[in-house]
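Q: I am new to reading protein models, and I would like to learn how to go from a picture to careful statements about it. Could we go through a few features together?

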Amino acid sequence: MTKTRASVPGSRTRRRQTPGWDGAITAVCIVLALLLATFLMMATGMFAMAGDSCAPGSPCLDEVGNGIEVSLVGMAGVLVIGFCCVIVAAVTRTLRFGWALATLLLLLVPFAVGCNIANHAMQLSSVAP
């Protein structure tokens, strides 16, 4: 005689739950990251003033453009990668706030690098040949 096992209600494996504070902190960090990215992307337009003292046809204008590109593309990349990590963490039911906080903090890196490139171009233009 074969025995069959009847499913017992309540014996199902439960999915792991994340705490409520994780969702709240993640949402706040994502909103702050979007606001900071918007502000920094608008501030990136100020890099163009570094090229005001560049002579026409000089390579410093290209460096200012490179600084702007590094800043904008870098911030967009940080946002996309950070949001993808938050989504993966949500699907796998692990803590998400670390990824959102890292995204918020890492937004400053491409802006600082782009600012440094534009500042270097401005210094090149002020050196007399």
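**Reading a helix and its surroundings**

A: Let us begin with the length of a helix, bearing in mind that this is a predicted model. A helix is expected to span 1.5 Å times one less than its number of residues, so the 25 residues of α1 should span 36 Å, and the end C-alpha atoms of α1 are indeed 36 Å apart, which agrees.

Q: Which residues of α1 are buried?

A: Buried means under 20% relative accessible area, and in α1 this holds for D22, T26, C29, A33, A37, L40, A43 and T44. V31, which also lies in helix α1, counts as partly exposed because its relative accessibility is 47%. Together with V28, L32 and L35, V31 makes a nonpolar surface patch of about 360 Å².

Q: How many salt bridges does the structure hold, and which side chains meet there?

A: The structure holds 1 salt bridge, in which the side chains of R96 and D22 meet at 3.4 Å, N to O. This pair links distant parts of the chain, since D22 is in helix α1 while R96 is in the loop between α2 (60-91) and α3 (97-106), 74 residues apart. Both R96 and D22 are buried.

Q: Is S71 buried or exposed, and what is S71 in contact with?

A: S71, a residue of helix α2, counts as buried because its relative accessibility is 0%. Leaving aside neighbours within four places in sequence, S71 is in contact with T44, F47, P110, F111 and G114; of these, T44 is one of the buried residues of α1.

Key: Residues are numbered from 1 along each chain as its sequence is written. This is a predicted model: local features need pLDDT of at least 70, side-chain atom pairs count only at pLDDT 80 or more; totals for chains, interfaces and linings use all residues. Side-chain values use heavy atoms; hydrogens and water are left out. Patches are made of residues with over 30% relative accessible area and no salt bridge: like charges are joined within 9 Å, nonpolar side chains (Val, Leu, Ile, Met, Phe, Trp, Tyr) within 5 Å. Accessible areas come from the Shrake-Rupley method with a 1.4 Å probe; for residues, only the protein chains shown count as cover. A salt bridge is a side-chain nitrogen of Lys or Arg within 4 Å of a carboxyl oxygen of Asp or Glu. Helices (H or I, at least four residues) and strands (E, at least two) are DSSP runs, numbered from the N terminus. Buried means under 20% relative accessible area, exposed over 50%, partly exposed in between (1.4 Å probe, protein chains only). Contact means heavy atoms within 4.5 Å.
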